[in-house]
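Q: Please take a close look at the charged side chains in this model. Which of them pair up, and where do unpaired ones gather?

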Amino acid sequence: FQHYYITNNLSMPWSEQALSYVRKLSPSINRNHYLPFVIDESKCGLVHKDYVPQFQKRPEIFHVTDEAVKLTGTGSKVTRSNAINQFLLKLREEGTFSVLKGWREETYSVFKDGFRSEILFDIERAAVGIIGCKSYGVHMNGYVYKDGELMMWVGVRNPNKAKYPGCYDNIVAGGISSGYGIWETMLKEAEEEASIPEEIMARAKSVGAISYTIVNDYGTAPEVEFVYDLELPLDFVPKNADGEVAGFELMTIDELKEVVITDKFKTNCAGVVIDFLIRHSLLEPDNMPDYVEIINLLHSKHPF
């Protein structure tokens, strides 16, 4: 597989570069540019005003006012899911949003009051950013100690992926699809992406979560990533099984720090790595004037 490094701004201290990069995870959102997406008085998304005309074209599905985009009627989870899917399929057919070219036939559940609460509807994962719904995922840092030195395995994404092709990634990461639990997803992704057997995964430790709201060409995406750490056997070499990863590299911490603040690292995965470096005392406040702000940005409050 082929990849390359983006040259860093060598005149800027690493801490400042890291802060600039982490800000991509939760940029300032001007609420005047959005309308809340509402179901039964529950705010469950943010629709950018540039997207609103598409919703206005479907009054049988959406009621659009100056204050909100609301799903017409109430109905069951299935009824809501079908109505929204009908809308999205039409957008896909019309080619309105390029992100829908990456349609996955896989859905995320949108919850009323956070993960594991009432499910309002299920939505095609490629379309989450169009409605600005909150989604959830799992990410894992896989590391080893070689001659006493901590090193981390990172993946390189398949160059044919719709999002972040060819970028560096965590050894294992994936969204939590409808009907799946957190650990269930972690085990599934570990097997598919890195061929990590369950007996090794049993050593993985849940170490918290990061939260952020990315705004980019794919839309607006409030996300929560449940994070795990796994010390791997030194002789274990990850192998991809589902075609989504082009290969893996074992990096020293210095190599990791160099690349994690460049555009060749998938943005949210970089956040997971920086969180790891902080938790393992590989980044310390005495040497990082932006330490607290970086931590706050990695645990940002969502806009609804």
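A: What follows goes through the salt bridges and then a charged patch on the surface.

This is a predicted model. Side chains of opposite charge can pair when their charged atoms come close. Here the count comes to 15 salt bridges.

Start with R58 and E60. Their side chains meet in a salt bridge, at 2.6 Å from N to O. R58 is buried, because its relative accessible area of 15% falls under the 20% cut-off. E60 is partly exposed, with a relative accessible area of 49%.

Next come D122 and K77. Their closest N and O atoms are 3.6 Å apart, and they form a salt bridge. D122 lies in strand β6 (residues 119–124), while K77 lies in helix α3 (residues 77–94), so this pair ties together parts that are 45 residues apart in sequence. D122 counts as buried, at 17% relative accessibility. K77 is partly exposed, at 32% relative accessible area.

Now take E189 and K188. They too form a salt bridge, at 3.1 Å from N to O. Both E189 and K188 are buried. Some salt bridges share partners, and these join R104, E106, R125, K161 and E244 into one network.

Last, the surface patch. D147, E149, D254, E255 and E258 form a negative patch. Helix α7 (residues 253–260) gives the largest share of this patch, three residues. E255 lies in helix α7. E255 is partly exposed, with a relative accessible area of 37%. That value fits the patch rule, because patch residues need over 30% relative accessible area and no salt bridge.

Conventions
Residues numbered from 1 in each chain as written. Predicted model: local features only at pLDDT ≥ 70, side-chain atom pairs only at ≥ 80, totals over all residues. Heavy atoms only, no water. Patch = residues over 30% accessible without salt bridge, like charges linked within 9 Å, V, L, I, M, F, W, Y side chains within 5 Å. Areas by Shrake-Rupley, 256 points an atom, 1.4 Å probe, with all protein chains shown as cover. Salt bridge = Lys/Arg side-chain N within 4 Å of Asp/Glu carboxyl O. Lys, Arg positive; Asp, Glu negative; His and termini not counted. Charge placed at Lys NZ, Arg CZ, Asp CG, Glu CD. Helix = DSSP H or I, 4+ residues; strand = E, 2+ residues; numbered from the N terminus. Buried < 20%, exposed > 50% of the residue type's maximum accessible area, 1.4 Å probe, protein only.
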